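Biologist: I am new to this structure and would be grateful for a guided reading. May I put my questions one at a time?

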Amino acid sequence: MKQILICILILSALCACEYHSSPPDLDIDSGILSIHMDRQHIPSEVVRLHGLLSREDFDTIRFEFEDLGNSPSVLIENIPVGVWKVEIYALNSEGLTIFYGFATVSVVSHQVTPVSIQLSRTGSVQIVVIWPDAAYEVFRNCLVVLTRDGTLFMDFDGNILGTLDIGGSSSYQGVQVYNEHLYILDNAEITEIDENGYVVARTPAPGSMWFAVLPDSRFAMLDNRNDSIHIIDTEGNIIISLGMLHSPDKHLQNVNGWVVGNSLIISEDGNDHLLEVDLQTYEVSIFKDCNSFVNYPEIWLNDITYRDGTYYLCQAKTIWTFSDPNGDVTKLTTLPEGNITSIVISDNYAYCPINFSGNVYKINLLTGQYELLASGLDYPDDMCAW
Ligand SMILES: [Ca+2]
(Lines give C-alpha, C1' and ligand atoms only; values in the text may rest on other atoms or scores of the structure.)
Protein backbone atom coordinates (compact mmCIF):
# COMPACT_ATOMS: atom_id res chain seq x y z
CA MET A 1 0.00 0.00 0.00
CA LYS A 2 1.54 3.21 -1.15
CA GLN A 3 1.07 5.97 1.26
CA ILE A 4 1.93 9.59 1.29
CA LEU A 5 2.55 11.60 4.35
CA ILE A 6 1.46 15.14 4.63
CA CYS A 7 2.63 17.31 7.41
CA ILE A 8 0.33 20.07 8.34
CA LEU A 9 1.44 22.89 10.48
CA ILE A 10 -1.26 24.96 11.89
CA LEU A 11 -0.03 28.30 12.85
CA SER A 12 -2.66 29.96 14.87
CA ALA A 13 -2.40 33.60 15.56
CA LEU A 14 -4.63 35.98 17.34
CA CYS A 15 -6.19 38.62 15.15
CA ALA A 16 -4.94 42.09 15.74
CA CYS A 17 -8.33 43.18 17.01
CA GLU A 18 -8.53 45.59 19.84
CA TYR A 19 -10.63 44.15 22.59
CA HIS A 20 -12.88 47.10 23.11
CA SER A 21 -13.96 47.07 19.48
CA SER A 22 -14.76 43.33 19.37
CA PRO A 23 -18.43 42.62 19.10
CA PRO A 24 -19.68 40.07 21.63
CA ASP A 25 -20.40 36.43 20.61
CA LEU A 26 -18.20 36.69 17.57
CA ASP A 27 -15.27 34.39 16.99
CA ILE A 28 -12.48 36.91 16.82
CA ASP A 29 -9.57 34.44 16.81
CA SER A 30 -8.25 33.10 13.57
CA GLY A 31 -5.41 30.88 12.54
CA ILE A 32 -3.27 30.03 9.56
CA LEU A 33 -3.06 26.59 8.05
CA SER A 34 0.26 25.83 6.43
CA ILE A 35 0.44 22.47 4.65
CA HIS A 36 3.71 21.19 3.28
CA MET A 37 4.33 18.01 1.34
CA ASP A 38 7.58 16.22 0.76
CA ARG A 39 7.99 15.66 -2.97
CA GLN A 40 9.74 12.32 -2.48
CA HIS A 41 6.59 10.91 -0.89
CA ILE A 42 4.33 11.85 -3.79
CA PRO A 43 4.04 9.08 -6.37
CA SER A 44 5.02 10.14 -9.87
CA GLU A 45 1.53 9.48 -11.24
CA VAL A 46 0.06 12.28 -9.10
CA VAL A 47 -0.33 15.43 -11.22
CA ARG A 48 -2.71 17.44 -9.06
CA LEU A 49 -3.29 17.86 -5.33
CA HIS A 50 -6.19 19.76 -3.89
CA GLY A 51 -8.13 19.83 -0.66
CA LEU A 52 -11.10 20.96 1.34
CA LEU A 53 -11.32 22.53 4.76
CA SER A 54 -14.78 22.13 6.22
CA ARG A 55 -16.67 22.74 9.44
CA GLU A 56 -20.35 22.84 10.28
CA ASP A 57 -21.90 26.30 9.94
CA PHE A 58 -18.87 27.65 8.11
CA ASP A 59 -18.18 28.01 4.42
CA THR A 60 -16.05 25.20 3.00
CA ILE A 61 -12.62 26.42 1.96
CA ARG A 62 -11.07 24.90 -1.16
CA PHE A 63 -7.36 24.99 -1.77
CA GLU A 64 -4.89 23.81 -4.36
CA PHE A 65 -1.24 22.82 -4.06
CA GLU A 66 1.09 24.60 -6.45
CA ASP A 67 4.44 23.48 -7.80
CA LEU A 68 4.09 19.69 -7.45
CA GLY A 69 7.53 19.22 -8.96
CA ASN A 70 9.22 20.88 -6.04
CA SER A 71 7.93 20.91 -2.48
CA PRO A 72 4.23 21.66 -2.78
CA SER A 73 2.72 23.78 -0.09
CA VAL A 74 -0.35 25.83 0.54
CA LEU A 75 -1.10 28.62 2.99
CA ILE A 76 -4.66 29.32 4.11
CA GLU A 77 -5.14 32.38 6.26
CA ASN A 78 -7.94 33.70 8.45
CA ILE A 79 -9.35 30.34 9.55
CA PRO A 80 -11.65 30.84 12.55
CA VAL A 81 -10.34 29.04 15.61
CA GLY A 82 -12.03 25.67 16.17
CA VAL A 83 -12.14 22.10 14.93
CA TRP A 84 -11.93 21.64 11.16
CA LYS A 85 -11.82 18.66 8.85
CA VAL A 86 -9.01 18.68 6.27
CA GLU A 87 -9.38 16.45 3.21
CA ILE A 88 -6.67 15.95 0.60
CA TYR A 89 -7.24 14.53 -2.87
CA ALA A 90 -4.41 13.40 -5.15
CA LEU A 91 -5.37 13.07 -8.81
CA ASN A 92 -3.70 11.37 -11.77
CA SER A 93 -3.49 12.72 -15.32
CA GLU A 94 -6.97 11.39 -16.10
CA GLY A 95 -8.44 13.44 -13.27
CA LEU A 96 -9.15 10.38 -11.12
CA THR A 97 -8.56 10.52 -7.38
CA ILE A 98 -5.93 7.89 -6.64
CA PHE A 99 -5.05 8.96 -3.09
CA TYR A 100 -7.20 10.42 -0.38
CA GLY A 101 -6.76 11.25 3.25
CA PHE A 102 -8.32 13.36 5.94
CA ALA A 103 -7.70 14.56 9.44
CA THR A 104 -9.54 16.56 12.04
CA VAL A 105 -7.44 19.51 13.09
CA SER A 106 -7.91 21.91 15.91
CA VAL A 107 -6.98 25.48 15.05
CA VAL A 108 -5.84 27.04 18.32
CA SER A 109 -4.64 30.55 19.02
CA HIS A 110 -0.99 31.11 19.77
CA GLN A 111 -0.02 27.49 19.02
CA VAL A 112 1.76 25.56 16.34
CA THR A 113 0.04 22.20 15.97
CA PRO A 114 1.69 19.65 13.66
CA VAL A 115 -0.69 17.09 12.20
CA SER A 116 0.15 14.32 9.76
CA ILE A 117 -2.24 12.79 7.28
CA GLN A 118 -1.34 9.57 5.60
CA LEU A 119 -2.96 9.29 2.21
CA SER A 120 -4.00 5.87 1.03
CA ARG A 121 -4.88 4.58 -2.38
CA THR A 122 -8.64 4.86 -2.82
CA GLY A 123 -10.66 1.69 -2.98
CA SER A 124 -10.98 -0.88 -0.28
CA VAL A 125 -8.06 0.33 1.82
CA GLN A 126 -8.65 2.20 4.99
CA ILE A 127 -7.67 5.79 5.46
CA VAL A 128 -5.12 6.20 8.18
CA VAL A 129 -4.73 9.36 10.15
CA ILE A 130 -1.56 9.66 12.18
CA TRP A 131 -1.54 12.15 15.02
CA PRO A 132 1.61 13.81 16.27
CA ASP A 133 1.88 11.59 19.31
CA ALA A 134 2.51 8.68 16.96
CA ALA A 135 6.00 10.00 16.37
CA TYR A 136 8.92 8.16 17.96
CA GLU A 137 11.40 10.01 20.09
CA VAL A 138 14.58 10.03 18.06
CA PHE A 139 18.12 11.29 18.63
CA ARG A 140 20.44 12.66 15.99
CA ASN A 141 24.19 12.98 15.51
CA CYS A 142 24.68 9.60 17.12
CA LEU A 143 25.00 5.90 16.42
CA VAL A 144 21.90 3.75 15.98
CA VAL A 145 22.49 0.18 17.15
CA LEU A 146 20.14 -2.69 16.49
CA THR A 147 20.09 -5.11 19.44
CA ARG A 148 17.79 -7.69 20.95
CA ASP A 149 16.83 -4.98 23.45
CA GLY A 150 15.54 -2.83 20.61
CA THR A 151 17.10 -0.11 18.55
CA LEU A 152 19.41 2.02 20.70
CA PHE A 153 20.64 5.56 20.18
CA MET A 154 24.23 5.80 21.40
CA ASP A 155 26.46 8.86 21.32
CA PHE A 156 30.04 8.69 20.08
CA ASP A 157 31.27 8.34 23.67
CA GLY A 158 29.28 5.13 24.14
CA ASN A 159 26.43 6.57 26.22
CA ILE A 160 22.94 5.24 25.53
CA LEU A 161 20.63 8.19 24.79
CA GLY A 162 17.39 6.31 24.28
CA THR A 163 15.64 3.36 22.73
CA LEU A 164 13.45 3.25 19.67
CA ASP A 165 10.79 0.74 20.56
CA ILE A 166 10.90 -1.08 17.28
CA GLY A 167 12.96 -4.09 16.41
CA GLY A 168 12.69 -7.71 17.38
CA SER A 169 14.78 -10.81 17.68
CA SER A 170 15.02 -11.89 14.09
CA SER A 171 18.56 -12.64 13.00
CA TYR A 172 17.85 -10.88 9.72
CA GLN A 173 17.61 -7.26 10.75
CA GLY A 174 19.24 -4.08 9.69
CA VAL A 175 19.44 -0.34 10.20
CA GLN A 176 20.53 2.14 7.58
CA VAL A 177 20.37 5.86 6.99
CA TYR A 178 19.63 7.23 3.56
CA ASN A 179 18.82 10.87 2.75
CA GLU A 180 18.47 11.69 6.45
CA HIS A 181 15.82 9.02 6.99
CA LEU A 182 16.32 5.95 9.17
CA TYR A 183 15.36 2.57 7.72
CA ILE A 184 14.86 -0.45 9.95
CA LEU A 185 14.36 -3.97 8.65
CA ASP A 186 12.53 -6.16 11.11
CA ASN A 187 10.10 -9.03 10.79
CA ALA A 188 10.04 -8.83 7.01
CA GLU A 189 9.09 -5.16 6.94
CA ILE A 190 11.18 -2.07 6.28
CA THR A 191 10.09 0.92 8.35
CA GLU A 192 11.17 4.37 7.18
CA ILE A 193 11.35 7.04 9.89
CA ASP A 194 11.95 10.70 9.16
CA GLU A 195 14.17 13.05 11.14
CA ASN A 196 11.24 14.03 13.38
CA GLY A 197 10.43 10.44 14.34
CA TYR A 198 7.42 10.00 12.08
CA VAL A 199 6.95 6.71 10.27
CA VAL A 200 6.66 7.78 6.65
CA ALA A 201 6.51 4.39 4.96
CA ARG A 202 6.40 0.69 5.63
CA THR A 203 7.53 -1.66 2.90
CA PRO A 204 6.79 -5.37 3.05
CA ALA A 205 9.98 -7.28 2.38
CA PRO A 206 10.78 -10.93 1.78
CA GLY A 207 11.83 -12.63 5.02
CA SER A 208 15.18 -14.12 6.06
CA MET A 209 17.30 -11.62 4.16
CA TRP A 210 19.46 -8.56 4.77
CA PHE A 211 18.80 -5.29 3.00
CA ALA A 212 20.31 -2.14 1.54
CA VAL A 213 18.55 1.12 0.71
CA LEU A 214 19.05 2.09 -2.93
CA PRO A 215 18.57 5.36 -4.82
CA ASP A 216 15.23 6.01 -6.56
CA SER A 217 12.95 4.43 -3.94
CA ARG A 218 14.32 0.90 -4.20
CA PHE A 219 15.71 -1.64 -1.78
CA ALA A 220 18.04 -4.58 -2.34
CA MET A 221 17.08 -7.72 -0.43
CA LEU A 222 20.11 -9.94 -0.01
CA ASP A 223 19.52 -13.68 0.21
CA ASN A 224 22.40 -15.88 1.39
CA ARG A 225 20.46 -19.15 1.07
CA ASN A 226 19.62 -18.82 -2.60
CA ASP A 227 22.56 -16.51 -3.32
CA SER A 228 20.36 -13.94 -4.96
CA ILE A 229 19.67 -10.22 -4.86
CA HIS A 230 16.08 -9.02 -5.15
CA ILE A 231 15.57 -5.39 -6.08
CA ILE A 232 12.17 -4.28 -4.74
CA ASP A 233 10.17 -1.07 -4.90
CA THR A 234 8.65 0.73 -1.91
CA GLU A 235 5.48 -1.33 -2.22
CA GLY A 236 7.48 -4.53 -1.90
CA ASN A 237 7.14 -5.58 -5.54
CA ILE A 238 10.17 -7.32 -7.01
CA ILE A 239 11.62 -5.24 -9.85
CA ILE A 240 14.26 -7.80 -10.73
CA SER A 241 16.01 -10.77 -9.12
CA LEU A 242 19.71 -11.24 -9.72
CA GLY A 243 22.01 -14.18 -9.09
CA MET A 244 25.45 -14.07 -7.48
CA LEU A 245 27.22 -15.51 -10.53
CA HIS A 246 27.11 -19.09 -9.24
CA SER A 247 24.53 -21.71 -8.33
CA PRO A 248 23.18 -21.42 -4.79
CA ASP A 249 25.62 -23.08 -2.42
CA LYS A 250 25.30 -24.22 1.15
CA HIS A 251 27.39 -21.31 2.43
CA LEU A 252 25.21 -19.26 4.74
CA GLN A 253 27.53 -16.30 4.38
CA ASN A 254 26.84 -12.79 5.60
CA VAL A 255 25.58 -10.51 2.85
CA ASN A 256 25.96 -6.77 3.31
CA GLY A 257 25.43 -4.07 0.72
CA TRP A 258 26.67 -0.50 0.36
CA VAL A 259 25.83 1.95 -2.41
CA VAL A 260 28.78 3.73 -4.01
CA GLY A 261 27.83 6.06 -6.86
CA ASN A 262 25.45 4.13 -9.06
CA SER A 263 26.66 0.73 -7.91
CA LEU A 264 25.73 -1.58 -5.09
CA ILE A 265 28.80 -3.27 -3.63
CA ILE A 266 27.97 -6.59 -1.98
CA SER A 267 30.00 -8.41 0.64
CA GLU A 268 29.97 -11.31 0.03
CA ASP A 269 28.93 -14.05 -2.42
CA GLY A 270 30.00 -17.05 -0.30
CA ASN A 271 33.36 -17.49 -2.04
CA ASP A 272 35.29 -14.48 -0.70
CA HIS A 273 34.24 -12.26 -3.57
CA LEU A 274 32.81 -8.78 -3.47
CA LEU A 275 30.15 -8.25 -6.13
CA GLU A 276 29.11 -5.08 -7.92
CA VAL A 277 25.57 -4.49 -9.15
CA ASP A 278 25.15 -1.71 -11.70
CA LEU A 279 21.98 0.00 -10.48
CA GLN A 280 21.06 1.21 -13.97
CA THR A 281 21.57 -1.95 -16.01
CA TYR A 282 21.39 -4.45 -13.09
CA GLU A 283 24.49 -6.14 -14.46
CA VAL A 284 26.32 -8.15 -11.78
CA SER A 285 30.09 -8.54 -11.83
CA ILE A 286 32.91 -9.51 -9.47
CA PHE A 287 34.16 -6.28 -7.88
CA LYS A 288 37.07 -7.81 -5.97
CA ASP A 289 38.40 -11.31 -5.39
CA CYS A 290 39.53 -11.38 -1.75
CA ASN A 291 40.84 -14.97 -1.67
CA SER A 292 44.45 -13.84 -1.84
CA PHE A 293 44.47 -11.78 1.34
CA VAL A 294 41.68 -12.78 3.70
CA ASN A 295 42.67 -13.83 7.19
CA TYR A 296 41.88 -17.50 7.68
CA PRO A 297 40.28 -18.98 9.71
CA GLU A 298 38.09 -15.88 9.87
CA ILE A 299 35.55 -17.21 7.43
CA TRP A 300 33.40 -14.83 5.42
CA LEU A 301 33.71 -11.23 4.63
CA ASN A 302 31.40 -9.14 6.78
CA ASP A 303 30.23 -5.56 6.46
CA ILE A 304 31.63 -3.11 3.94
CA THR A 305 31.43 0.67 3.78
CA TYR A 306 33.02 3.48 1.81
CA ARG A 307 34.11 7.03 2.43
CA ASP A 308 36.16 9.53 0.44
CA GLY A 309 37.62 7.04 -1.98
CA THR A 310 38.38 4.33 0.57
CA TYR A 311 36.57 1.05 1.10
CA TYR A 312 36.50 -0.46 4.59
CA LEU A 313 35.95 -4.22 4.55
CA CYS A 314 35.49 -6.36 7.66
CA GLN A 315 36.04 -9.98 8.41
CA ALA A 316 35.08 -11.45 11.79
CA LYS A 317 37.89 -9.55 13.58
CA THR A 318 40.03 -7.93 10.89
CA ILE A 319 39.36 -4.68 9.02
CA TRP A 320 40.92 -4.11 5.60
CA THR A 321 41.04 -0.94 3.53
CA PHE A 322 41.58 -0.36 -0.17
CA SER A 323 40.89 2.36 -2.66
CA ASP A 324 41.27 0.58 -5.98
CA PRO A 325 39.40 -2.73 -6.30
CA ASN A 326 42.24 -3.99 -8.51
CA GLY A 327 44.93 -2.71 -6.15
CA ASP A 328 46.44 -3.77 -2.85
CA VAL A 329 44.71 -3.93 0.47
CA THR A 330 45.96 -2.62 3.82
CA LYS A 331 45.15 -4.14 7.16
CA LEU A 332 43.74 -1.45 9.45
CA THR A 333 43.56 -3.59 12.56
CA THR A 334 42.59 -6.94 14.05
CA LEU A 335 40.25 -6.68 17.02
CA PRO A 336 40.64 -9.09 19.96
CA GLU A 337 37.27 -10.69 19.32
CA GLY A 338 34.58 -11.30 16.72
CA ASN A 339 32.16 -11.11 15.03
CA ILE A 340 32.14 -7.61 13.71
CA THR A 341 28.58 -7.14 12.42
CA SER A 342 28.87 -3.61 11.10
CA ILE A 343 31.32 -0.80 10.38
CA VAL A 344 30.45 2.89 10.62
CA ILE A 345 32.89 5.67 9.72
CA SER A 346 32.56 9.03 11.47
CA ASP A 347 35.26 11.68 11.56
CA ASN A 348 38.58 9.83 11.82
CA TYR A 349 37.19 6.74 13.52
CA ALA A 350 35.49 3.50 12.66
CA TYR A 351 32.90 2.05 15.02
CA CYS A 352 32.29 -1.70 15.08
CA PRO A 353 29.84 -3.71 17.21
CA ILE A 354 30.61 -7.33 18.13
CA ASN A 355 27.49 -9.49 18.19
CA PHE A 356 28.55 -12.30 20.57
CA SER A 357 30.18 -10.15 23.28
CA GLY A 358 27.92 -7.10 23.04
CA ASN A 359 30.94 -4.79 22.84
CA VAL A 360 31.44 -1.81 20.53
CA TYR A 361 34.97 -0.82 19.47
CA LYS A 362 36.22 2.56 18.30
CA ILE A 363 39.15 2.35 15.90
CA ASN A 364 41.45 5.23 14.95
CA LEU A 365 41.61 5.26 11.14
CA LEU A 366 45.08 6.78 11.08
CA THR A 367 46.83 4.48 13.55
CA GLY A 368 44.62 1.39 13.69
CA GLN A 369 44.58 1.62 17.48
CA TYR A 370 41.31 0.57 19.03
CA GLU A 371 39.52 1.12 22.31
CA LEU A 372 36.43 -0.42 23.87
CA LEU A 373 33.68 2.16 23.51
CA ALA A 374 30.68 0.36 25.00
CA SER A 375 29.83 -3.05 26.40
CA GLY A 376 26.83 -4.96 27.70
CA LEU A 377 24.70 -4.67 24.58
CA ASP A 378 22.47 -7.62 23.79
CA TYR A 379 23.72 -9.01 20.49
CA PRO A 380 24.26 -5.84 18.42
CA ASP A 381 23.46 -6.99 14.92
CA ASP A 382 23.78 -3.81 12.90
CA MET A 383 24.66 -0.16 13.34
CA CYS A 384 24.59 3.11 11.44
CA ALA A 385 25.26 6.79 12.13
CA TRP A 386 22.30 9.17 11.99
CA1 LIG B 1 25.12 -18.84 0.07
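Modeller: Let us begin with a term: a residue is called buried if 20 or more other C-beta atoms lie within 10 Å of its own. Please also keep in mind that this is a predicted model.

Biologist: How many of the five residues of strand 30 are buried?

Modeller: Strand 30 covers residues 349–353. The strand is largely enclosed by the rest of the structure, because its buried residues number four of the five.

Biologist: In what order do the four strands of the open sheet lie?

Modeller: The pairing in this open sheet is antiparallel. Strand 29 and strand 30 pair over three bridges, while strand 30 and strand 31 pair over five bridges. The order of the sheet is 29-30-31-32.

Biologist: Which strands stand at the edges of this sheet, and why is one side of each left without a neighbour?

Modeller: Each edge strand has a single partner strand, so one side of it has no neighbour in the sheet. Neighbouring strands here are turned against each other by 30° on average, direction ignored. The edge strands are strand 29 (344–346) and strand 32 (370–374).

Biologist: Which residue of strand 31 stands opposite Tyr-351?

Modeller: Strand 31 spans residues 360–364 and pairs with strand 30 in the antiparallel sense. On the strand 29 side, Val-344 stands opposite Tyr-351. In strand 31, the residue opposite Tyr-351 is Lys-362.

Biologist: Which residue takes a positive phi in the hairpin of strand 30 and strand 31?

Modeller: The hairpin of strand 29 and strand 30 has two residues between its strands, and Asp-347 in that turn has a positive phi of about 50°. In the hairpin of strand 30 and strand 31, six residues lie between the strands. There, a positive phi near 75° belongs to Gly-358.

Biologist: Which strand gives the largest share of the largest nonpolar core?

Modeller: The largest nonpolar core has 70 residues, and those with the most contacts inside it are Phe-211, Ala-220, Leu-222 and Cys-352. Its largest share is five residues, and they come from strand 17 (residues 210–214).

Biologist: How many residues does the second, separate core have?

Modeller: Among the members of this second core are Val-46, Ile-79, Phe-99 and Val-107. The core is separate, and its size is 17 residues.

Definitions and conventions. Residues numbered from 1 in each chain as written. Predicted model: local features only at pLDDT ≥ 70, side-chain atom pairs only at ≥ 80, totals over all residues. Pairing = 2+ DSSP bridges. Axes fitted to C-alpha atoms, helices over the stretch in contact; angles between N-to-C directions. Buried ≥ 20, exposed ≤ 12 C-beta atoms within 10 Å, placed from the backbone. Core = buried A, V, L, I, M, F, W, Y, C linked by C-beta atoms within 7 Å.
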